[in-house]
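This report looks at salt bridges and at how far the residues that form them are shielded from solvent.

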Amino acid sequence: MAVTQQQVQEALAKVATPRGVALSNAGVLSAISATDGKVFFSINVEASEARAWESVRAAAEAAVRAIPGVEVAMVALTAERKAGAAAPAPQPHRHAHGVQNVASHRPPPSGASPMARQAEIPGVAAIIAVASGKGGVGKSTTALNLALGLRDLGLRVGLLDADIYGPSVPRLTGLRDKPQLNDERKMIPLQRFGLSIMSIGFLVEEETAMIWRGPMVMSAVTQMLRDVAWGTLDVLVVDMPPGTGDAQLTLAQTVPLKGAIIISTPQDLSLIDARRGLAMFKKVNVPVLGIIENMSYFQCPHCGTKSDIFGHGGARHEAERLAVPFLGEIPLHMAIRTTSDSGNPVVESEPNGPHAEIYRAIAAKVRDGLQKATVAA
């Protein structure tokens, strides 16, 4: 049954607002997207009113989910200051040196800290973020093959594609199906290669432009964490969008991350952005499991000759300088690219090859780092 925007409007007409009018008539709704049982929109209010509207957002989401045919509903609350309004007072700047190692991680104090909102995902023992300071460094390919490497070590592994603007996991895994709902109306992750997999790319068409503001991104990330029936997992690998924005902050504030892995190429430009990513995780008290140097060197598929196209060893030196683990080097090789494009990643398609061995060696270091973090906690 196709869900229409008119049905959504009629459902929202039954939701009361703090202004004393129906939500559909309050002049605060963005354009409503209703396609294939998936409904997305935001409620846009002034920052001073945001607290009073949070219950309205929750009621709106519940009302939309109750519409027959709705499978997924994402409703975000966008709060903006009026033009000319005073900005919040800046916080004192504190200089930090180095990056916190996983073994030295301590949870932040509760109370006023945003991290006080963290809550475990039932059944998921550890959540790790795979991140990069910039795009184009092979983060998603690395995240998937790392997840497969952890699987090969005997762990139960899930993969969450949290790159809202550019989801790559559907293409990398060859999955095109839509998630089904269980009796609790939670999405059931798709299964492939022995992994439980979820991506925003399973909910929208591949060519759809995700023109969302930060709150919609934060809402989508939260839903894919909380409204998915992950089952029992030893590790949930989260493929983060590049940069240091809303998705990263939402993840750090929503769930207790056991660690973060930074992907970088050897060149200076990539390392500059990698440092920003490392600094961001330090600020939100997420331990750094280590740095991976991707595209570390070009290996000719014909003669095996190695060429340092982007330089070599930059990520290793950066890890040493910042006193965080260096997890390994992954070459720029045709086999990794072709297997990724075909939806049959190299650890799965060539399990006895040299590249699969590299990914499994990195996965072993990540597993050991998680074990150390558990002991230290």
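## E61 and its partners in helix α2

In this predicted model, E61 has a relative accessible area of 11%, and because buried means under 20%, E61 counts as buried. The side chain of E61 meets that of R57 in a salt bridge, with 3.2 Å from N to O, and R57 is buried as well. Both residues belong to helix α2, which spans residues 50-65, and because they are four residues apart there, about one helical turn separates them.

E61 also forms a salt bridge with R65, where the closest N and O atoms are 3.6 Å apart. R65 and E61 are likewise four residues apart in helix α2, so that about one helical turn lies between them. R65, however, is partly exposed, with a relative accessibility of 27%.

## The wider network

The residues described above belong to a network of salt bridges that links E54, R57, E61, R65 and D227. The structure as a whole holds 14 salt bridges.

## A bridge between helices α11 and α3

Another salt bridge joins the side chains of R360 and D152, at 3.1 Å from N to O. Since R360 lies in helix α11 (residues 354-376) and D152 in helix α3 (residues 139-152), this pair ties together parts that are 208 residues apart in sequence.

As for solvent accessibility, R360 is partly exposed, with a relative accessible area of 23%, and D152 also counts as partly exposed, at 33% relative accessibility.

Key
Residues are numbered from 1 along each chain as its sequence is written. This is a predicted model: local features need pLDDT of at least 70, side-chain atom pairs count only at pLDDT 80 or more; totals for chains, interfaces and linings use all residues. Side-chain values use heavy atoms; hydrogens and water are left out. A salt bridge is a side-chain nitrogen of Lys or Arg within 4 Å of a carboxyl oxygen of Asp or Glu. Helices (H or I, at least four residues) and strands (E, at least two) are DSSP runs, numbered from the N terminus. Buried means under 20% relative accessible area, exposed over 50%, partly exposed in between (1.4 Å probe, protein chains only).
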